[in-house]
Each structure stands twice: as structure tokens, then as C-alpha cells.
Amino acid sequence: MPRRFIQTLRASLFSALGRARPDVALASLSDDAWFDLQFEPEAARERYNLSLPTFPPDDVQLRFTGLSARDNLLQARSFYEYAIARSQLRQAPDPRILDFGGGWGRVSRFFLRDVSPRRITVADCLTDSIHWLRETHNPCDIRKNDVLPPIRGIGRGFHLIYAYSVFSHLSPGATRAWLDYLISLLRPGGWLVITTMAGAFLDHLAGQGRESLTSEYAGLLPSPEVMRDRYEQGEVQFYPTGGGGELSASFYGISLLPRRYFTENYGANLVDFTEDVPRVNQAVVALRKAPINATPDTARSKG
């Protein structure tokens, strides 16, 4: 029987059954090989019967993240590798993943090596994001959510929920509503991995970013020195700026959530707060829902 036919049949069965894990050969790729494959769609189809999403134009990528092309995916890769390792996703039975505020899908594409696209949901409140997820042929379950919970039709039982550069922008009220809701969607022992503005952003404003204080953020932010002092005192900061489209200033702006916020409000769930994830210019926060019959200390120690 021709090899190509066998590969196609295997891919069809995989899709029809909705299996949690992709092909073994694909899952066993090294991190470097998987990264390089993102730019080789023909090779992905030929070798693994995998249709990778395409890319939006560079100007669209820049509008979402300030990066494009390889640099954009290097940052996404670093966050993906942290989330994979921290959540122990590859050891989880039948994992489900939610990419909250997934933008055009630069992070979700990396998880296609680990989990069937049927078990990956990408949600965003922006019409523009949904457009580019469709336009780039992202194979995941795509959902448009409102600016406050819930996300309709997704159910519960996620092993991993992540949000890159979402809680770096939400108002305190929206932050609390979404954090509580997303934790409620996790299965016991599941993980929520997010980012928020932190020291790197303050360093930027105090240096090269000073120009943005008189242009993009004119009159909207205090001096970098004031923001730094508030951050070091453990103060939550939110400066409404709006972001276009559905991102009104009523809930969207510049947000800094220090470690103290998480210890005071989610101390039983907090496993990690770090500003040392390579290429990620925000603090990364890992929260874990307690496993069944586990005390909070036990849940944290297993992280």
C-alpha cells in the first residue's frame, strides 16, 4: 500500500476520532525542528499530514505584538515551552487547552505538535483577531467572547489555559472576573499561565520608551519613576488607554499586577511569578487548581 495513502488514511482517522494526541513522529520532533517547521508548510504536509496555519501580513503582526516574522514566533515559542514544562502537559491524560485572548494565533500553532486541534480552543473578543484566525486557516476551535465572562459553548475541564499579554491590559474588575472564571474552567490539577506588565516595561519607559510618554501615552501614564515606585510597593496599576475595536478604555489599557496581587488573592493557587522567561518581556504567572484531595501546599509542591 503506498506510503502516502497510509499517511492520509491515518490523518483522516485521527481527525474523525478526535484523538487527544497527534502522530508520534510529529510529537517527537525536537523543539528546534518544530520551530523551523512553522516556516515550511509543504514539509509539514508531506511528512506529517499537518496543515499548519499561515501568517498574517507583517503589518498585522506588528499591530498585535510589535514583532513580526521569526522574532514574533521566537517570543511565542519561549512562552509555549514554559507553559508546556510548567503544566506537564505531555504527561496529562487527554488534555484540553484554552488560548484566551489568542490574537491571530501565534502561540496556539505551537501546541499542534502536542494536542489535536479539536482539543485546543482559541478565544478572543476582537473581531479583528477572529478574522485573522480564520484567514490564516487556524484549525483549532475558534470562539469569539464578550469582554466579560463567560465564553459560550466551551465547557469545563481544561488542563491548561494560557493568556499572553492579556492581563497586561485589563482593568482590575475585568482581571478579577476573568481570573476567577478561567480557574473555574480548569480540571482539578489544571494550570492557568498568564503574563502581565512588570519590570521590563518600566525599564523600557524609563529608557527608549520615554518618547512614547509624549506621543502614544501622552497624558495617560505618570512618570516611569512614579510607576516604578508604585510597582515596588505592590500596588495594582491600571491606566485606561483603549485599544481600538472592541477594546474600549472602560476595561482596556496598561495594567501592572505585582506578585503581591497574586499572593493576596490567589495565594493557594500561585506556583510561580517570574520575570526570567527568555524573550518574554513580561512577568509570567503560573496558577494551579488544586488536585482532588490535595491541600494547597501539596498542590503547589507538585508544580
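# A tour from strand 9 outward

Start with T195, which stands opposite V284 in strand 9. This is a predicted model, so treat each stop as a feature of the prediction.

**Stop 1: strand 9 and its partners**

Select strand 5, residues 186–196, together with strand 9, residues 283–288. The two pair in the antiparallel sense, over six bridges. Along this pairing, find V193; A286 of strand 9 stands opposite.

Now add strand 8. Strand 8 also pairs with strand 9 in the antiparallel sense, here over four bridges. Look again at A286: on this side D272 stands opposite.

Colour strand 9 by burial. Six of its six residues are buried, so the strand is largely enclosed by the rest of the structure. Which residues of strand 9 point one way, and which the other? A283, V285 and L287 take one side, while V284, A286 and R288 take the other. All of them are buried, R288 included.

**Stop 2: the whole sheet**

Widen the selection to the full sheet. Seven strands make it up, in the order 3-2-1-4-5-9-8. The sheet is open and its pairing is mixed. Strands of a sheet pair through backbone hydrogen bonds, either parallel or antiparallel.

Go to the edges. Strand 3 (141–144) and strand 8 (270–274) stand there. Each has a single partner strand, so one side of each is left without a neighbour in the sheet. Across this sheet, neighbouring strands are turned by 15° against each other on average, direction ignored.

Next, show helix 12, residues 259–266. Helix 12 packs on the sheet and touches strand 5, strand 8 and strand 9. Its direction makes about 175° with that of strand 8.

**Stop 3: the nonpolar cores**

Hide the backbone and show side chains. The largest nonpolar core has 48 residues. Those with the most contacts inside it are L98, F167, W178, L182, L192, L221 and F262. Helix 8 gives the largest share of this core, seven residues.

Centre on W178. Leaving aside neighbours within four places in sequence, W178 is in contact with F100, F167 and L170. The run N145, D146, V147, L148 and P149 also touches W178, as does I151.

Apart from this core lies another, of 43 residues. Select A76, I84, L112 and V284, which are among its members. In soluble globular proteins, nonpolar side chains tend to be buried together.

**Stop 4: salt bridges between helix 3 and helix 6**

Switch to charged side chains. The structure holds 15 salt bridges. Side chains of opposite charge can pair when their charged atoms come close.

Zoom in on R77 and D32. They form a salt bridge, with the closest N and O atoms 2.7 Å apart. R77 lies in helix 6 (residues 69–87) and D32 in helix 3 (residues 31–37), so the pair ties together parts that are 45 residues apart in sequence. Are these two buried or partly exposed? R77 is buried at a relative accessible area of 15%, under the 20% cut-off. D32 counts as partly exposed, at 49% relative accessibility. Add E81 to the selection: D32, R77 and E81 are linked in a network of salt bridges.

Move to D36 and R70. This salt bridge has its closest N and O atoms 3.4 Å apart. D36 is in helix 3 and R70 in helix 6, so the pair ties together parts that are 34 residues apart in sequence. D36 is partly exposed at 34%, and R70 is partly exposed at 44%.

Stay with helix 6 for a moment. It has 19 residues and reaches 27 Å from its first C-alpha to its last, close to the 27 Å expected at 1.5 Å a residue. Just after helix 6, check Q88, which takes a positive phi of about 50°.

**Stop 5: a salt bridge inside helix 8**

Select helix 8, residues 172–185. The side chains of R176 and D180 meet in a salt bridge at 3.3 Å, N to O. Both residues lie in this helix, four residues apart, about one turn. R176 is partly exposed at 34%, and D180 is partly exposed at 36%.

**Stop 6: S129**

Finish in helix 7, residues 127–135, where S129 sits. S129 is buried, with a relative accessible area of 0%. What does S129 touch, not counting residues up to four places away in sequence? Show F64, G103 and D124: these are the contacts of S129.

Conventions: Residues are numbered from 1 along each chain as its sequence is written. This is a predicted model: local features need pLDDT of at least 70, side-chain atom pairs count only at pLDDT 80 or more; totals for chains, interfaces and linings use all residues. Side-chain values use heavy atoms; hydrogens and water are left out. Buried means under 20% relative accessible area, exposed over 50%, partly exposed in between (1.4 Å probe, protein chains only). Contact means heavy atoms within 4.5 Å. A salt bridge is a side-chain nitrogen of Lys or Arg within 4 Å of a carboxyl oxygen of Asp or Glu. Two strands pair if DSSP finds at least two bridges between them. Axes are lines fitted to C-alpha atoms, for helices over the stretch in contact, and angles run from 0 to 180 degrees between N-to-C directions. A nonpolar core is a set of buried Ala, Val, Leu, Ile, Met, Phe, Trp, Tyr and Cys residues joined through side-chain atoms within 4.5 Å. The expected span of a helix is 1.5 Å times one less than its number of residues.
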